[in-house]
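Visitor: I have a model open and would like to go through it. Can you take my questions as they come?

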Amino acid sequence: MTDTKGLLAAYDEQMRGAPPHPPAGVSHEQDGPLTRTVGQFRGFISAPRDLGVRGTELDELIARQRDYFAARGEAVEWKIRGHDRPADLTDRLRAAGFAAEDEETILIGLTKDMASPPVLPDGVALRRVTEAADMHRIAAMESVIWGQDLSMIGDDLAGRIAAAPDDITVLVAEADGELVSAAWLVVRPGTEFAGLWGGSTLSAWRGRGIYRALVAARAEIAAARGVSYLQVDASDDSAPILRRLGFHEVTTTIPYVWSPSD
């Protein structure tokens with residue numbers, strides 16, 4: 001039986017806070033127990049499982065983050081996990097004007113169990129990409145899939161590759177030169193973890209095993225890097241596939257977002 005409590009404890013210990021190699025123009029700032037990331041398309045707040053502050057002190061901490069990004073005219077995301085404390089943190093975030101986005105499931109898999117040669121449908125090939133032009137192709141595809149402007153993904157990926165090329169591997173699935181899916185592996189240096197991100201596929205190409213192939217390919221790369229665990233913030237569409245592959249649910253996550261437009 002898999003020790004999901006142990007997986008969650010490892011996640012809390014190793015995957016909180018900010019990654020060590022931010023892209024150019026991105027910086028990390030500390031405010032008490034919080035790590036504030038500045039310089040992305042929107043701000044980002046990460047925190048330990050228990051903030052260690054309560055009541056009025058917590059309200060003041062929340063208000064400082066909101067007001068900091070309000071002064072910059074930027075939105076900010078505060079990432080909350082389902083087991084975070086204090087229990088009234090989300091109520092206090094909502095009272096300060098933060099709004100919940102869609103809940104996702106945090107899944108963790110053992111890299112050695114996930115690594116295998118990817119099996120692709122006929123006519124589809126995987127390719128590792130590093131050029132900025134390919135990152136913007138990915139962003140354009142993501143914008144079509146999700147029906148919104150996600151052009152910032154291209155800049156984000158290009159910036160990460162420029163800052164720390166050994167920490168990120170971006171793969172695309174192509175058919176007759178058309179980009180049909182993309183996903184990336186992000187290794188967290190100094191930990192046992194890597195994150196699986198992306199994995200969006202054009203609707204006409206879903207159900208053919210491309211998503212599973214991208215998981216397997218990234219797991220092989222992670223295994224070669226000595227990574228023990230793969231972590232995914234999974235949507236309701238992806239979570240069932242990942243569970244069938246052997247990933248284990250450890251908690252949930254909800255982004256709480258404040259925006260100047262609110």
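What follows is a chat about strands, cores, rings and one helix.

Visitor: What kind of model is this?
Guide: This is a predicted model, in which local features need pLDDT of at least 70 and side-chain atom pairs count only at pLDDT 80 or more, while totals for chains, interfaces and linings use all residues. Residues are numbered from 1 along each chain as its sequence is written, and side-chain values use heavy atoms, with hydrogens and water left out.

Visitor: Start with β4. Is the strand buried or exposed?
Guide: Six of the six residues of β4 (residues 76-81) are buried, so the strand is largely enclosed by the rest of the structure. Buried means under 20% relative accessible area, exposed over 50%, and partly exposed in between (1.4 Å probe, protein chains only). Strands here are DSSP runs of E, at least two residues, and helices are runs of H or I, at least four, numbered from the N terminus.

Visitor: Which side chains point which way from β4?
Guide: Val76, Trp78 and Ile80 point one way, and Glu77, Lys79 and Arg81 the other.

Visitor: And which strands pair with β4?
Guide: Strand β3 (residues 43-46) runs parallel to β4, with three bridges, and β12 (residues 248-258) runs antiparallel to β4, with six. Pairing requires at least two DSSP bridges between the strands. Ile45 has Trp78 as its bridge partner, and Ile80 has Ile254.

Visitor: Trp78 again. Which ring does Trp78 pair with?
Guide: Trp78 pairs with Phe98: the centres are 6.2 Å apart and the planes at 90°, so the pair is edge-to-face. Rings of Phe, Tyr and Trp (its six-membered ring) pair if their centres lie within 6.5 Å; planes under 30 degrees apart count as stacked, over 60 as edge-to-face and the rest as tilted. Phe98 sits in the loop between α3 (89-95) and β5 (99-100), 20 residues from Trp78. Trp78 has a relative accessible area of 1%, and Phe98 has 3%.

Visitor: Different topic: which residues touch the most others in the largest nonpolar core?
Guide: Ile138, Leu157 and Val170 do, in a core of 27 residues. Such a core is a set of buried Ala, Val, Leu, Ile, Met, Phe, Trp, Tyr and Cys residues joined through side-chain atoms within 4.5 Å. The largest share, six residues, comes from β8.

Visitor: Last one: how many residues does α7 have?
Guide: Helix α7 (residues 210-224) has 15. Its buried residues include Tyr211, Leu214 and Arg218. Just after α7, Gly226 takes a positive phi of about 80°.

Note on methods
Expected span 1.5 Å × (residues − 1).
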